[in-house]
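Work through the exercises below with the sequence and the model open side by side. Try each task before reading its solution.

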Amino acid sequence: MNESSFCNNYPTVFVHGFLGNGDEPLLHKVYRDFGVFSMDMPKEMNRRGFETFQPGVGPLNSIWDRCCILWAYLVGGTVDFGKVHSEKNHHARYGRTYPGVLKDWGLEGAHKKINLLGHSFGGPTVCLFATLLEAGSAEERAGTPEDELSDLFKGGKGHLVHTVTTLSGANNGTSATDLLGVKGRHFAGYLLYGLFMTFSETRGARIFDMMNEHFGLMKDPYTNKDYHFTNPWKRKEELKNLVCGDDEVFWQLSVERNRQQVKDYVMVPGAYYFARRVRMTEDNGKGHQKPLKGITPAFRLTVPLMERYRNPALGIDDSWAPSDGIVSVRGTEAPAGMPCRPYDPAAVPEPGIWYVAEPTLGKDHQSYIGMAMEKDEYYTYFNDLLTLFRTLPDA
C-alpha cells in the first residue's frame with residue numbers, strides 16, 4: 001500500500017496479559033511478551049516505521065491498577081490508584097513515578113491519538129482504559145477532593161484513542177478461573193503471589209518485576225538501592241487483602257467478575273474496535289472438544305477441564321467449550337452488551353462498533369506472543385494490523 005494512502009502514523013501501545021511484562025525487566029532481554037525468545041515484535045515494527053510502546057503494567061495486577069500504571073507511563077508522573085479504589089482495596093494510593101513517553105499526546109501531529117492493543121488480560125485492560133479516558137470514574141470524582149483528582153478519572157479524553165484491539169482478550173472472562181471456585185482461586189492466589197513475591201523481594205525483581213509494591217508485599221526495585229529480603233509470607237494481612245479482595249487477578253479473570261466489569265464499559269464514539277481471536281480445539285465426534293496438534297503443552301491440561309465445565313447461573317453452556325487453550329472463544333468476543341458486528345476485511349470499519357473476527361483455527365492463545373510462530377508470519381500479522389490502523393481516518 002502506498003504511504004500516500006495512509007491517514008495517520010499514530011503510535012501503538014502493546015499491553016501484555018497475565019504473567020506478562022513490559023520492556024523494563026532484565027527478563028525482556030531473553031524472553032519477550034511479544035516475541036518470546038527469538039523475536040522482538042515491537043522493536044521490529046519500530047524498524048518498519050511504526051512507533052510502538054510496550055509498558056509493563058504488572059504480571060498480577062488488577063485491571064484497574066494496570067490502567068493507572070499505564071496512564072502514568074504514557075503521560076508521566078506518579079501512579080495514582082485513586083483515593084476511593086485504594087481505600088476500598090486496602091493498598092497504597094500512590095505508586096511509581098514515570099518520566100512519560102507521550103507528553104505531547106493529544107497535540108496535532110503524530111501523537112494526536114494512540115492505538116491500544118491488549119493481549120489476553122490486556123484485553124479488558126485496554127477496554128477499561130478507553131472507558132476511563134472517555135468517561136472517567138464517577139466514584140473517584142465523588143470521593144476525591146478536586147485538587148487531588150487524577151486526570152485519568154476526570155474523563156473527556158476519549159478523543160485521544162484511535163483504535164482499541166484485543167488479541168484473544170479475556171473480554172468476558174475465562175471459565176478456566178470460574179471452575180476453580182472461591183477456595184480454589186484463593187489457594188492459587190496465595191501460592192502464586194507468595195512464591196512470586198518471595199522472588200521479587202530479592203534482587204530477582206529486576207529480572208521479573210511483579211509491580212505489586214502498593215500492597216506492601218515488595219519494594220520498587222528501581223528506586224530502592226538497599227534491596228534487602230523481607231519474607232512476604234509473614235505479611236499475612238497484606239497478602240490476605242490482595243488474595244481475598246476485588247483486586248485479585250484470578251477473580252478478575254473470571255466470567256462472574258467480568259459480568260460486573262463489562263457493565264462499566266462505555267464506547268469511545270470516535271474509536272475503532274477490533275476483537276481478534278484464535279481457536280485450538282475441535283469436536284472429537286462425541287460432543288467434546290479436543291486440543292489440536294501443536295497446542296502449547298500446558299493447555300492440554302486446561303482444555304478438558306474447560307470444555308466440561310458448565311455453570312447455568314453464569315450462562316456458561318456448551319457454547320463456551322471451544323477455546324484457544326486457556327480462554328473460551330466466547331470469552332474473546334466483544335464485551336457483552338457492546339454494539340458489535342462480524343469483521344469483514346473487505347468492508348470499511350465504522351467507529352464506535354466492535355468488529356469481531358472469526359477465530360483463526362490452529363492457533364492457540366500464545367500464538368499472539370509468538371509461541372510456535374515462524375518469524376515472517378508473526379511479523380507480517382502485526383505489520384498488516386498496524387497498517388490497518390494507519391488507513392483509518394479520524395472520526
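## Exercise 1: Backbone outliers

Met211 sits in the loop between α7 and α8 (236-243). The model is a predicted one.

**Task.** What is phi of Met211, and is Met211 buried or exposed?

**Solution.**
- Step 1. Read the backbone angle. Phi of Met211 is near 55°, a positive value in a residue other than glycine.
- Step 2. Recall the background. Most residues other than glycine have a negative phi.
- Step 3. Check the cover. Met211 has a relative accessibility of 6%, and buried means under 20%, so Met211 counts as buried.

**Task.** Now take His90. Where is His90 found, and is it buried or exposed?

**Solution.**
- Step 1. Place the residue. His90 belongs to the loop between α3 and β4.
- Step 2. Read phi. For His90 the angle is near 55°, again a positive value in a residue other than glycine.
- Step 3. Check the cover. The relative accessible area of His90 is 53%, and the cut-off for exposed is over 50%, so His90 is exposed.

## Exercise 2: Enclosed space

**Task.** How many cavities of 30 Å³ or more does the structure hold, and which residues line the largest cavity?

**Solution.**
- Step 1. Count. There are three cavities of 30 Å³ or more.
- Step 2. Size the largest. Its volume is about 60 Å³.
- Step 3. List the lining. The largest cavity is lined by Ile69, Val79, Phe81, Tyr94, Gly95, Arg96, Tyr98, Met211, Glu213 and His214. Met211 from Exercise 1 is among them.
- Step 4. Find the main contributor. Strand β4 (residues 94-98) gives the most to this lining, with four residues.
- Step 5. Sort by class. The lining of the largest cavity has six nonpolar, two polar and two charged residues.

## Exercise 3: Two pockets

**Task.** Which element gives the most to the lining of the largest pocket, and which residues are the closest to its centre?

**Solution.**
- Step 1. Size the largest pocket. It has a volume of about 940 Å³.
- Step 2. Find the centre. The lining holds 38 residues, and Phe18, Leu19, Phe299, Ile326 and Gln366 are the closest to the centre.
- Step 3. Map the elements. Two or more lining residues come from each of α6 (175-178), α7 and α11 (299-308). α11 gives the most, with five residues.
- Step 4. Sort by class. This lining has 23 nonpolar, 13 polar and two charged residues.

**Task.** Repeat the analysis for the second largest pocket. Which element supplies the largest share of its lining?

**Solution.**
- Step 1. Size the second largest pocket. It encloses about 420 Å³ of space.
- Step 2. Find the centre. Of its 20 lining residues, Trp64, Leu128, Ser137, Glu139 and Asp264 are the closest to the centre.
- Step 3. Map the elements. α2 (63-75), α3 (83-88), α4 (122-135), α5 (138-143) and α10 (255-261) supply at least two residues each. The largest share, four residues, comes from α4.
- Step 4. Sort by class. The lining of the second largest pocket divides into six nonpolar, seven polar and seven charged residues.

## Exercise 4: Salt bridges

**Task.** How many salt bridges does the structure hold? Which parts does the pair Lys88 and Glu139 tie together?

**Solution.**
- Step 1. Count. The structure holds 19 salt bridges.
- Step 2. Check the distance. In the salt bridge of Lys88 with Glu139, the closest N and O atoms are 2.9 Å apart.
- Step 3. Place both ends. Lys88 lies in helix α3 and Glu139 in helix α5, so the pair ties together parts 51 residues apart in sequence.
- Step 4. Check the cover. Glu139 is partly exposed, with a relative accessible area of 45%.
- Step 5. Look at other pairs. Asp151 and Lys154 form a salt bridge, with the closest N and O atoms 2.9 Å apart. Asp151 is partly exposed at 38% relative accessible area, and Lys154 is partly exposed at 39%. Lys290 and Glu282 meet in a salt bridge at 3.7 Å, N to O.
- Step 6. Look for a network. Salt bridges link Glu44, Arg47 and Arg48.

## Exercise 5: A surface patch

**Task.** Which residues form a nonpolar patch with about 320 Å² of accessible area together?

**Solution.**
- Step 1. Name the members. The patch on the surface consists of Phe187, Leu191 and Leu195.
- Step 2. Place one of them. Phe187 lies in helix α7 (residues 181-200).
- Step 3. Check the cover. Phe187 is exposed, with a relative accessible area of 58%.

Key: Residues are numbered from 1 along each chain as its sequence is written. This is a predicted model: local features need pLDDT of at least 70, side-chain atom pairs count only at pLDDT 80 or more; totals for chains, interfaces and linings use all residues. Side-chain values use heavy atoms; hydrogens and water are left out. On a 1 Å grid over the protein atoms alone, a cavity is a set of points where a 1.4 Å probe fits but cannot get out, and a pocket is an open set with protein on both sides within 12 Å along at least five of seven lines; lining residues have an atom within 4 Å of a point. Grid points are joined across faces, edges and corners, and a volume is the space filled by probe spheres set on the points. Ala, Val, Leu, Ile, Met, Phe, Trp, Tyr, Cys and Pro count as nonpolar, Asp, Glu, Lys and Arg as charged, and the others, Gly among them, as polar. Patches are made of residues with over 30% relative accessible area and no salt bridge: like charges are joined within 9 Å, nonpolar side chains (Val, Leu, Ile, Met, Phe, Trp, Tyr) within 5 Å. Accessible areas come from the Shrake-Rupley method with a 1.4 Å probe; for residues, only the protein chains shown count as cover. A salt bridge is a side-chain nitrogen of Lys or Arg within 4 Å of a carboxyl oxygen of Asp or Glu. Buried means under 20% relative accessible area, exposed over 50%, partly exposed in between (1.4 Å probe, protein chains only).
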